[in-house]
Amino acid sequence: MTVSNPSHGAPNPVAAYVCTDQGADIARSVVDTLIGDQSPLHGGGLGGAARVCRTPAPDRMVLAEMGNMTLEAACECVAEIRQTGAYVIVLGDKADLAIYRALRNAGAEEYFAFPVSPDEIIAANDNIKEPVQQLVQDTPIVRGTCIGVTGCNGGVGTSLLAQNLAFHSAAANGGALHTALIDADLRFGSQAIDLDRKDTPGLFEALSAPDRVDETFLGATMEKLTDRLSFYSQQAHISQNVDALDAAFPPLLEEIKTKFDSVIVDLPRTTLVANPQFAHCLDTLVLVIPAGYAGVNVASRLMSVLKSEAPTLKILPVLSELRLDAKLTAKDISIGIGQEVQATLPESAKALSRAHRAAKSLIESQPRAPYAKATRALWAKATKPPQDTAKISVAKSKMGFFKRATA
């Protein structure tokens, strides 16, 4: 089928700049689908696109391959192209969250790592709704990934898991992301104690006026655990009413997410239930469940409330073997809650003891321990888009505990 080319007076729907055969194959399919013409396909990659793009933009959307250029140079090229009014979609060979966020902050509409289908790129192009004539003066605000960790019962290792996810997020051999660990348990939070650090009094000040929090304030009041990891953890006086401070956490998190690539929240279930707006701040909620009927019951109730409050929230159920209770298996719990358990946190008493005595995270002090491996696998799932296939059918369940678990 022949598709007519755009008139010379209008911007092209798309122009592609590639530097590999793989990129050329994808780009060729995209431009052919959108305009039925191969003429907007060029070499030079992202750098070549930045050199030839001028204001006003001759193209509505620039599809450019990053190639071997540094991330800093790629971000500069994206910003230059964006200033012409053209939208930018970048192709690359590394599936890396840090690269994605850096390019998005520079103004890219999307970043796709190979392998990618032409349909995904076309869908991203179709989602661009702003007028092409409007020049962009400010780069869009890209908020960091926010992962909440909450337990269905006490003693299941919620704080431990939040701590280890945060250290992995910030580690050079992990996510390598600028990370914030937030202890949202103002009554009995243990992060500072476990890591042998002082409380961070700035947390209460931040919760008192979350709209005034900026990067300078966070830098001055958060404790630095590593070059990439900062944290807030402060215990209130045992008699202090902290309900108002708990309610201020969601707006504070929104501010913190604009300053960090990754935010991990150690979130008590009572605080989450009392302030369901928490769910709207989170991209993923890790729900830690013990191997017992009570845990399954609490998980089912929590999931029902959260799915009603925030239907798009990704919930990752996790089995913790730190408490054996009735010794239910991951399969048993999956049937009971109607969703597949995504990971099992194994009992690792010796490794945990060494980590606690050294006041370090387990993933840092015992990287080969089974618990550390489970944490890394869970991180990979938490930072991926939600999968509909995670849900399982419970209609034909033959497990005797199911009626008890959902009572």
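These legends describe close-up views of a predicted model of one protein chain.

**Figure 1. Overview of the chain.** The secondary structure of the protein chain comprises 19 helices and 13 strands. Of its 407 residues, 50% count as buried. Among contacts in the protein chain with a separation of 6 or more, 76% are between residues 24 or more positions apart.

**Figure 2. The eight-stranded open sheet.** The strands follow the order E8-E9-E7-E10-E6-E11-E12-E13, and their pairing is mixed. Strand E8 (223-224) and strand E13 (343-345) are the edge strands, each pairing on one side only. Helix H18 (residues 370-382) packs on this sheet and touches strand E6 (145-151), E10, strand E11 (284-290), strand E12 (314-320) and E13. The direction of H18 makes about 165° with that of E12.

**Figure 3. Strand E7 and its two partners.** Strand E7 (residues 179-183) runs parallel to strand E10 (residues 262-266), and five bridges join the two. In this pair, threonine 179 stands opposite serine 262 of E10. E7 also runs parallel to E9, to which four bridges join it. Here isoleucine 182 is the residue opposite tyrosine 232 in E9.

**Figure 4. Strand E9 and the hairpin with E8.** E8 and E9 form a hairpin, with four residues between the two strands. They run antiparallel and are joined by two bridges. Lysine 224 stands opposite serine 230 in E9. From strand E9 (residues 229-232), Leu229 and Phe231 point one way, while Ser230 and Tyr232 point the other way. All four of these E9 residues are buried.

**Figure 5. Surroundings of serine 320.** Serine 320 is found in strand E12. Its relative accessibility is 0%, so serine 320 counts as buried. The side chain of serine 320 has two polar partners shown here: the backbone oxygen of valine 156, at 2.7 Å, and the backbone nitrogen of leucine 322, at 3.3 Å. Leaving aside residues up to four places away in sequence, serine 320 touches Val156, Val288, Ile289, Pro290, Ala291 and Leu345. Valine 156 therefore appears both in this list of contacts and as the residue whose backbone oxygen the serine 320 side chain reaches.**Figure 6. Arginine 104 in helix H4.** Arginine 104 lies in helix H4 (residues 97-106). With a relative accessible area of 21%, arginine 104 is partly exposed. A polar contact of 2.7 Å joins the side chain of arginine 104 to that of tyrosine 100. In an α-helix there are 3.6 residues a turn, so residues three or four places apart point the same way. Arginine 104 and valine 78 are 26 residues apart in sequence, and their C-alpha atoms are 9.0 Å apart in space.

**Figure 7. Helix H15 and the glycine after it.** Helix H15 (residues 330-337) is mostly covered, with six of its eight residues buried. The buried residues are Asp332, Ile333, Ser334, Ile335, Gly336 and Ile337. Glycine 338, just after H15, takes a positive phi of about 75°.

**Figure 8. The cavity lined by H12 and H14.** The count comes to one cavity of 30 Å³ or more. About 30 Å³ of space lies in the largest cavity. The residues lining the largest cavity are Leu272, Val273, Pro276, Leu302, Val305 and Leu306. Helix H12 (269-274) and helix H14 (293-309) are the elements that give two or more residues to this lining. The largest share, three residues, comes from H14.

**Figure 9. Strand E4 and its pairing with E3.** Strand E4 (residues 87-92) is mostly covered: six of its six residues are buried. Tyr87, Ile89 and Leu91 point one way from E4, whereas Val88, Val90 and Gly92 point the other way. Strand E3 (residues 61-65) runs parallel to E4, and five bridges join them. Within this pair, valine 62 stands opposite valine 88 in E4.

Key:
Residues numbered from 1 in each chain as written. Predicted model: local features only at pLDDT ≥ 70, side-chain atom pairs only at ≥ 80, totals over all residues. Heavy atoms only, no water. Pairing = 2+ DSSP bridges. Contact = heavy atoms within 4.5 Å. Axes fitted to C-alpha atoms, helices over the stretch in contact; angles between N-to-C directions. Buried < 20%, exposed > 50% of the residue type's maximum accessible area, 1.4 Å probe, protein only. Polar contact = N/O pair within 3.5 Å; in protein donor to acceptor, adjacent residues only side chain to side chain. 1 Å grid on protein atoms, 1.4 Å probe; cavity = no way out; pocket = protein on both sides within 12 Å on 5 of 7 lines; lining within 4 Å. Points joined across faces, edges and corners; volume = space filled by probe spheres on them.
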